[in-house]
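Thank you all for coming. I would like to take a few minutes to walk through one structure with you, looking at its open and closed spaces and at its ligand.

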Amino acid sequence: MIKRIGVLTSGGDAPGMNAAIRSVVRYGLHHKLEVIGILRGYAGLIDEEMKPLDHRSVAGIINRGGTILGSARCDEFVTEEGQRHAVEVLKRNKVDALVVIGGDGTYRGAIELWERWHIPCVGVPGTIDNDLNGTDITIGADTAINTALEAIDKIQDSATSMDRIFVVEVMGRECGYIAIQVALAAGAEEVLVPELGYDLEEMLRDIEEGRRRGKFSWIIVVAEGAAKGEEIAKKITELTGSETKADILGHIQRGGNPTAWDRILATRLGAAAVDLILKNEFGKVVVSKDGMINAVDLRLAVGKKRIEADSYYQLIRDLI
Ligand code: F6P
């Protein structure tokens, strides 16, 4: 019988994590569960940093970026010793089940806890990268795309005013989701994503062809996992003779108030995670698939996600 659940956020923070925490807490309380917040992800779990959460603890956070619980990347949790310690902490504090909000590293931790140590765990997909299998979208991706879009729109003003080429590097280590979406939304001329690689020669031919048509400003969106924006800009400068600027958007993409979409997604997924626990379904992650909230195995969720980059890429090129 599950009486007390723990909730933690781990890995890279994502806008909407707070909305998910709020939902887990209030929906859990509604179903007569006690809820314990674990601070700083698995690192805080090992260090026994936790506090009970009530309705008021999560008031006024649905609109806030980051995570009120704090987050961390924790090497110690990868070790057997670290895990044993975490399990002792959970048992000592009578935490019967755990909701983990985060990305693939967070899920890998949950797989260990569930399969090796038999701690009931449920995952909630929270990462701006949208690189998790089984779900169409993860909490934070929509906000990150809108943040990057706002920045690129501003860069575009300078690109057109000064007839310049800009390379804009966005986040996404292994997944080009942010890059491809934002490139399409910004009307960018080129996009480089890890899924497809890139052809610099072809890009230069496009730029030359554009010039012949009187087109001199150019926005090239680069996912960090595909190439370094600075290097691409340097090569283009060398090969075209046009000074090319590189802008790295970095962590601004992870911050800020979550969009309505992310708040709604997070609220639905948080409640669904509690529902899984109430049904004694563990080792799973809640997902949003074709507009429906569902659940898949944690092991499936950490498998590499293949985004449909090809058709988007072709469309972006067809619109130059
Ligand atoms: O996983 C989310 C993410 O923002 C990636 O896009 C990025 O590569 C990474 O985290 C950056 O991590 P950190 O903030 O630890 O440098």
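Before anything else, a word on terms: a pocket here is an open set of grid points with protein on both sides within 12 Å along at least five of seven lines, and a residue counts as lining if one of its atoms is within 4 Å of a point. Please also keep in mind throughout that what you see is a predicted model.

With that in hand, where does the largest pocket lie? Domain 1, which covers 4-140 + 258-301, and domain 2, which covers 142-254, both give residues to the lining of the largest pocket, and therefore the pocket lies between them. The space in this largest pocket comes to about 940 Å³. Its lining is made up of 40 residues, and those closest to the centre are Arg73, Asp104, Gly105, Thr106 and Arg173. If you sort the lining by class, you find 17 charged residues, 12 nonpolar and 11 polar, and the element that gives the most is helix 4, residues 104-116, with 7 residues.

Let me turn now to the ligand, which is surrounded by Arg73, Thr127, Ile128, Asp129, Met171, Gly172, Arg173, Glu224, His251 and Arg254. For Arg73, a side-chain N or O atom is 2.9 Å from an oxygen atom of the ligand. Glu224 has a polar side-chain atom 2.5 Å from a ligand oxygen, and for Arg254 the corresponding distance, again from a polar side-chain atom to an oxygen atom of the ligand, is 2.8 Å. On its own the ligand has 400 Å² of accessible area, and the protein covers 77% of that.

Finally, the closed space: how many cavities of 30 Å³ or more does a search of the whole structure find? The search finds 1, and the volume of the largest cavity is about 40 Å³. The residues that line this cavity are Glu190, Val191, Leu192, Tyr198, Asp199, Glu202, Met203, Tyr313 and Arg317. Strand 7 (190-192), helix 7 (200-212) and helix 11 (309-318) each give two or more residues to that lining, and strand 7 gives the most, with 3. By class, the cavity lining has 5 nonpolar and 4 charged residues, and no polar ones.

Definitions and conventions
Residues are numbered from 1 along each chain as its sequence is written. This is a predicted model: local features need pLDDT of at least 70, side-chain atom pairs count only at pLDDT 80 or more; totals for chains, interfaces and linings use all residues. Side-chain values use heavy atoms; hydrogens and water are left out. On a 1 Å grid over the protein atoms alone, a cavity is a set of points where a 1.4 Å probe fits but cannot get out, and a pocket is an open set with protein on both sides within 12 Å along at least five of seven lines; lining residues have an atom within 4 Å of a point. Grid points are joined across faces, edges and corners, and a volume is the space filled by probe spheres set on the points. Helices (H or I, at least four residues) and strands (E, at least two) are DSSP runs, numbered from the N terminus. Ala, Val, Leu, Ile, Met, Phe, Trp, Tyr, Cys and Pro count as nonpolar, Asp, Glu, Lys and Arg as charged, and the others, Gly among them, as polar. Domain bounds come from an automatic or database domain assignment. A residue is near a molecule or strand if one of its heavy atoms lies within 4 Å of it. A polar contact is a pair of N or O atoms within 3.5 Å; within protein, one must be able to donate a hydrogen and the other to accept it, and residues adjacent in sequence count only if both atoms are side-chain atoms. Accessible areas come from the Shrake-Rupley method with a 1.4 Å probe; for residues, only the protein chains shown count as cover.
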